[in-house]
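The following exercises concern backbone angles and aromatic ring pairs. Please work through each task before reading its solution.

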Amino acid sequence: MSPVDDTFISGSLGKTIWLWDLRSPNCQGLMHLQGKPVCPFDPEGLIFAADVNSEMVKLYDLRSFDKGPFATFKIQYDWTCEWTGLKFSNDGKLILISTNGSFIHLIDAFKGVVMHMFGGYANSKAVTLEA
């Protein structure tokens, strides 16, 4: 859900992101991606992020998402797990990447640089980690 209005985003196993407005029965936008997406809004509801194939974060301006991402960050990929969630910090400066592996990444939302990796949890059953 957008933190500022009635807009929300849904991602599907069909490799698509759907943009919705609760005031309308029709989809407001559709994006086709290369993999299963995970997509949150930033705290101001102006930007949304999309995880693509558990290897990169793409940032989109909600008002012009059809023009493509304005930033793309490739993150060091761990082939043993999938990304299961993205969350912006309250100030919008950081993005937390949750996984079903043994770590969680914290990245800079402006540069895409990994700021910290939280790890050390033995997750042999591939349980989704949350933070």
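**Exercise 1.** Locate lysine 15 among the strands of this predicted model, and state the sign of its phi.

*Solution.* Step 1: lysine 15 belongs to the loop that joins strand S1 (7–12) to strand S2 (16–21). Step 2: most residues other than glycine have a negative phi. Step 3: lysine 15 is not a glycine, yet its phi is positive, at about 65°. Step 4: the relative accessible area of lysine 15 is 40%; buried requires under 20% and exposed over 50%, so lysine 15 is partly exposed.

**Exercise 2.** Describe the position, phi and accessibility of alanine 126.

*Solution.* Step 1: alanine 126 is found in the segment after strand S10 (114–119). Step 2: its phi is positive, near 55°. Step 3: with 40% relative accessibility, alanine 126 is partly exposed.

**Exercise 3.** Determine how many aromatic pairs there are, and classify the pair of phenylalanine 48 and tyrosine 60.

*Solution.* Step 1: the count is five aromatic pairs. Step 2: phenylalanine 48 and tyrosine 60 lie 5.2 Å apart, centre to centre, with 15° between the planes. Step 3: planes under 30 degrees apart count as stacked, so this pair is stacked. Step 4: the pair connects strand S4 (residues 47–52), which holds phenylalanine 48, with strand S5 (residues 56–61), which holds tyrosine 60. Step 5: phenylalanine 48 and tyrosine 60 are both buried.

**Exercise 4.** Classify the pair of phenylalanine 48 and phenylalanine 65.

*Solution.* Step 1: the ring centres are 6.5 Å apart and the planes stand at 55°, so the pair is tilted. Step 2: phenylalanine 65 lies in the loop between S5 and strand S6 (71–74), 17 residues from phenylalanine 48. Step 3: ring pairs join Phe41, Phe48, Tyr60 and Phe65 in a cluster.

How values were computed:
Residues numbered from 1 in each chain as written. Predicted model: local features only at pLDDT ≥ 70, side-chain atom pairs only at ≥ 80, totals over all residues. Heavy atoms only, no water. Helix = DSSP H or I, 4+ residues; strand = E, 2+ residues; numbered from the N terminus. Buried < 20%, exposed > 50% of the residue type's maximum accessible area, 1.4 Å probe, protein only. Phe/Tyr/Trp six-rings, centres within 6.5 Å; stacked < 30°, edge-to-face > 60°.
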